[in-house]
Amino acid sequence: ALVSLRQLLDHAAEHGYGIPAFNVNNLEQIQAIMQAAASTDSPVILQASAGARKYAGEAFLRRLVEAAIESYPDIPVCMHQDHGASPAVCQASIRSGFSSVMMDGSLMADMKTPSSYDYNVAVTRQVADMAHCVGVSVEGELGCLGSLESGQAGEEDGSGAEGVLSHEQLLTDPEQAADFVARTGVDALAIAIGTSHGAYKFTRKPTGDILAIDRIRAIHERIPNTHLVMHGSSSVPQEWLEIIRQNGGDIRETYGVPVEEICEGIKNGVRKVNIDTDIRLAMTGAIRRTMMQDTAEFDPRKFFKEATAAARQICQDRFEAFGCAGRA
Ligand code: G3H
Ligand code: 13P
Ligand code: NA
Ligand code: ZN
């Protein structure tokens, strides 16, 4: 059944677990996530970005999610819009049947320029008023996450230009978070706690302390009824990087957020954990390997089947690690 983000995250908060929110763009990704959820008895958050809607088309995405719900009647599914650029985008997604929308007012509608706090409050408030009337949940964002485009420190985090901000200044402020929630009424809040989008998060192997755990705890204490969201939560599995490289791929040295650190975040209040890159890496690795091994093969289903299996394993591992398994 289709459920709201609020319903899923309220249950997660009550029982102290986290729910992975996987980005989806096509049939194979949706099937991989649903198979993993069925085999682990987990609730599901499927999220689609503007890029996903551009790739698949709004009608195809909507019908694929309907098919997932029809095929797995016992699994609760939230259909979430990831990084909505404006109230108009959120309104279109609500009309299309999404049960949750993210208004990312931390950036202007061009999704490149950092916004003012007042702009963020105004657009997020507008979306919350509109969404709550029809039972749709809302996620806002406060703080400077790493670049949406390159996944590297960039526009959104202020470190790309001359005026380099300190690590502390980039993190979400607990007092401002409390004010933001009071003024917007969001159900969930994406916070800046040391992560960034994409495959290139860290140039050296993390040795713990990647996440600002004290900051997560402080924000959670300040706004206990607002569910915290961690973007940029891919772990960038070194095994898949190796497989990509061994099969003609070109990926330079890079590290993600260790799963154990995410679990520490969940212990301190994180409830929704956004993952896109790990599925991309696993699918690319599986396709490259199969193409190199079976050079006479030309039935694309053979490649997609391996890609689906690889993505499914990632999803199963995250459902289990985050305490989500058995909660459907
Ligand atoms: O937050 C960004 C997600 O990874 C979606 O990426 O805009 O390329 O679909 P995308
Ligand atoms: P990753 O790039 O780390 O998978 O993050 C995805 C994300 O935050 C989508 O909103
Ligand atoms: Na989101
Ligand atoms: Zn994100």
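Which residues come nearest to ligand 2? Here are a few points to help you find your way around this structure, which is a predicted model.

1. **Around ligand 2.** The shell here holds 13 residues, and those that come nearest are H231, S234, N274, D276 and T277. Two elements, β3 and β8 (270-275), each give two or more residues to this shell. By class, ten residues of the shell are polar, two are charged and one is nonpolar.

2. **Around ligand 1.** Nine residues surround this ligand, with N23, S49, G51, H197 and D276 coming nearest. Look for D276 in both places, as it is listed among the nearest residues for ligand 1 and for ligand 2. At least two shell residues come from α3 (50-56), and at least two from β3 (77-84). The shell has five polar, two charged and two nonpolar residues.

3. **D82.** Strand β3, which you have just met, contains D82. An unreviewed UniProt entry gives this residue the feature "active site". Is D82 buried or exposed? D82 is buried, because 26 other C-beta atoms lie within 10 Å, and 20 or more are enough to count as buried. Leaving aside residues up to four places away in sequence, D82 touches N23, Q47, A48, S49 and M102. Of these contacts, N23 and S49 also appear among the residues that come nearest to ligand 1.

4. **Three histidines.** The unreviewed UniProt entry also carries the annotation "binding site", covering H83, H197 and H231. They span 149 residues in sequence, yet no two of their C-alpha atoms are more than 11.9 Å apart, so they gather at one spot. H197 is listed among the residues nearest to ligand 1, while H231 is listed among those nearest to ligand 2.

5. **Where H83 and H197 sit.** H83 belongs to strand β3, whereas H197 is found in the loop between β6 (188-191) and α9 (213-222). H83 is buried, because its C-beta has 26 others within 10 Å. H197 counts as buried too, because 24 C-beta neighbours lie inside 10 Å.

6. **A helix pair.** For a change of scene, turn to α10 (residues 238-246) and α12 (residues 277-293), which pack at an angle of about 35° with axes 8 Å apart. Their crossing is left-handed. On the α10 side, W240, L241, I243 and I244 take part, meeting L281, A282, T284, G285, R288 and R289 of α12. This contact has six nonpolar residues, along with two polar and two charged ones.

Definitions and conventions:
Residues are numbered from 1 along each chain as its sequence is written. Chains are lettered from A and ligands numbered from 1 in the order in which they are written. This is a predicted model: local features need pLDDT of at least 70, side-chain atom pairs count only at pLDDT 80 or more; totals for chains, interfaces and linings use all residues. A residue is near a molecule or strand if its C-beta atom, placed from the backbone, lies within 6 Å of it. Helices (H or I, at least four residues) and strands (E, at least two) are DSSP runs, numbered from the N terminus. Ala, Val, Leu, Ile, Met, Phe, Trp, Tyr, Cys and Pro count as nonpolar, Asp, Glu, Lys and Arg as charged, and the others, Gly among them, as polar. UniProt positions are given in the numbering used here, feature names are shortened, and annotations may be inferred rather than shown by experiment. A residue is buried if 20 or more other C-beta atoms lie within 10 Å of its own, exposed if 12 or fewer, and partly exposed in between; C-beta atoms are placed from the backbone. Two residues are in contact if their C-beta atoms, placed from the backbone, lie within 7 Å. Axes are lines fitted to C-alpha atoms, for helices over the stretch in contact, and angles run from 0 to 180 degrees between N-to-C directions. A crossing is left-handed if the near helix is turned anticlockwise from the far one by less than a right angle, and right-handed if clockwise.
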